[in-house]
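Let's take a walk through this structure together, with an eye on the places where there is room for something else. Have a look at the sequence and the model first.

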Amino acid sequence: MISDVTPVLDVLKTIDEAAAPLSSEKVALRDALARFASESIAARSPAPAFSNSAMDGYAVYAADVANASDTAPVRLPLVGESRAGAPCDDALKPGHAIRVFTGAELPEGADAVVAQEDTVTQDGHVQIRFAAPSGHHIRRAGAYFERGAELVSRGGLIHPGVMGLLASQGVTSALVHRRPRVTLFATGDELFEPGAPLPRGGIYESNSLMLSALVTQAGGIARVLRAAGDDRDALVATLSDALRDDVVITTGGVSVGEYDFTKAAFENAGVDIALWKARIKPGKPLVFGTSSSSRGRSLAFGLPGNPVSAYVTFRVFVEPAIKRLLGDPAPFPAPIEFTLAHDHQRRAGRTELVRAHVDPETRRATLYRHQGSGNARSLAEHNALVVLPSETDRFSAGASVLGFLTSPIGVSAPWIP
Ligand code: AMP
Ligand code: MG
């Protein structure tokens, strides 16, 4: 176990080393969206699968129309038709033309297509006024890729474009990494389910709903257990049940107060604690460990109870772990450079993840003035987390800072030139 307060980068490395892609399963291609391929996928057939016409027009021998011009058009008899889904059975003989449509198989023998716009038809003949070089308006079989070409690499994300490509190959299923099963529950004697009347001193339990949504968004399968009270035995019992899953997340009771039992309960439930406390704000009290049993291996996270701290520590530490289990080869959020909209001062000493609103047009980041971890409203409003490095205490307006988006940002009007 790493002692004391662990720098954020070391926390990230410790967690990432404990997380590896889960086993694979075969799923229907339609269910593979946002999953990661556990083996590479090769082309079953060349693309295009057969040479076909790129235009509505006429299939010809290029040599027959080599001297065609406006003043000396070439006149060829029309001897057949090939359209998409209904190829022409006969081969094209020199001195003839076959009517073709976009996507139709190129008749055997033909080596060029003259676009309809460059022709006139009359009495069963086509008059061609432009020379078409060999290969003109033809999509050759295998021009895009050959059979056996790697279409999806191992670890590749199955996104809609990939699904379209695989479907075009007749593929109906894919081997992907299993989705992590994530069990989570809140702890705290003060917690009551939303909807119930609140007694004095009670608050609504909001973490498990927020976290299960984050788990789903990250690609995991969330299971929420009833909140546990601040009672070590109850916690151990709930944990023991939860530890059959790939990831376990608790919130609350992870600090140093007399009623904070999470760390001890983790130990009692057999979790091998890898770290406790991270040099991060918010979210300093944080437990992470692993548990291995005949039922499998679990990553166990004890997040702080404060909703803002739970949110931030999930985003920074848990989300990349879930993505790694899912098979994502690049699970960390992409850093983006933002410009600070105003001066900012704070106490140095911890890496701080600040809720911010980034203007989509200017990319300027406004940091929420109330960064107190009780300010849940900023959870709803922010669209980025800005990372303030541990040792810096003053930031000036216009300074460039790194951060990442937590929700997609759009602009209010079309911008494509
Ligand atoms: P703790 O980490 O248990 O010390 O809790 C820190 C703060 O977060 C306290 O004000 C708790 O009441 C609050 N809190 C803890 N768990 C939750 C939860 N599941 N939903 C909402 N607030 C919580
Ligand atoms: Mg508590």
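A polar contact here is a pair of N or O atoms within 3.5 Å. With that cut-off in mind, Asn 207 makes such a contact with the ligand: a polar atom of the Asn 207 side chain lies 3.3 Å from a nitrogen atom of ligand 1. Please keep in mind throughout that this is a predicted model.

## Around the ligand

Asn 207 does not act alone in this list of contacts. The side chain of Glu 205 brings an N or O atom to 2.9 Å from a nitrogen atom of ligand 1. From the backbone, a polar atom of Gly 305 is 2.9 Å from an oxygen atom of the ligand. On its own, ligand 1 has 490 Å² of accessible area, and the protein covers 73% of this.

How many residues surround ligand 1? There are 14, and the closest are Glu 190, Glu 205, Ser 206, Gly 253 and Gly 305. By class, this shell has five nonpolar, seven polar and two charged residues.

## Domains and the pocket

Next, the layout of the chain. Domain 1 takes in 8-22 and 179-325, domain 2 takes in 27-42 and 151-177, domain 3 runs over 52-139, and domain 4 over 336-405. The C-alpha centres of domain 1 and domain 2 are 32 Å apart.

Where does the largest pocket lie? Domain 1 and domain 4 both give residues to its lining, so the pocket lies between these two domains. Its volume is about 430 Å³. The lining has 17 residues, and Val 8, Leu 12, Val 316, Val 387 and Phe 404 are the closest to the centre of the pocket.

Four elements supply at least two lining residues each: helix 1 (8-18), helix 6 (307-326), strand 24 (351-358) and strand 28 (400-405). Helix 1 gives the most, with four residues. The pocket lining divides into 13 nonpolar, two polar and two charged residues.

## Two cavities

Beyond the pocket, a search of the whole structure turns up two cavities of 30 Å³ or more. Here they are side by side.

| Cavity | Volume | Lining residues |
|---|---|---|
| Largest | about 40 Å³ | Arg 75, Val 120, Thr 121, Gln 122, His 125, Val 126, Gln 127 |
| Second largest | about 30 Å³ | Leu 12, Ile 15, Asp 16, Val 316, Phe 317, Pro 320, Ala 321, Phe 332 |

For the largest cavity, strand 8 (119-122) and strand 9 (125-128) are the elements that give two or more lining residues. The lining of the largest cavity has two nonpolar, four polar and one charged residues.

For the second largest cavity, helix 1 and helix 6 are the elements that give two or more residues. Helix 6 gives the most there, with four residues. By class, this lining has seven nonpolar residues, no polar ones and one charged. Leu 12 and Val 316 are among the residues that line the second largest cavity, and both also appear among the residues closest to the centre of the largest pocket.

## Backbone details in the loops

A few backbone features are worth a look before you leave. Most residues other than glycine have a negative phi, and most peptide bonds are trans.

Which residue other than glycine has a positive phi near 50°? That residue is Asp 123, and Asp 123 is found in the loop between strand 8 and strand 9. These two strands are the ones that contribute to the lining of the largest cavity.

Two cis peptide bonds come next. The bond from Ala 47 to Pro 48 is cis, with omega near -10°, and Pro 48 lies in the loop between strand 2 (41-42) and strand 3 (52-53). Lys 281 and Pro 282 are also joined by a cis peptide bond, with omega about -5°. Pro 282 lies in the loop between strand 19 (280-281) and strand 20 (287-293).

Terms used: Residues numbered from 1 in each chain as written. Chains lettered and ligands numbered in written order. Predicted model: local features only at pLDDT ≥ 70, side-chain atom pairs only at ≥ 80, totals over all residues. Heavy atoms only, no water. Domains from an automatic or database assignment. Near = heavy atom within 4 Å. Polar contact = N/O pair within 3.5 Å; in protein donor to acceptor, adjacent residues only side chain to side chain. Areas by Shrake-Rupley, 256 points an atom, 1.4 Å probe, with all protein chains shown as cover. Nonpolar A, V, L, I, M, F, W, Y, C, P; charged D, E, K, R; others polar. 1 Å grid on protein atoms, 1.4 Å probe; cavity = no way out; pocket = protein on both sides within 12 Å on 5 of 7 lines; lining within 4 Å. Points joined across faces, edges and corners; volume = space filled by probe spheres on them.
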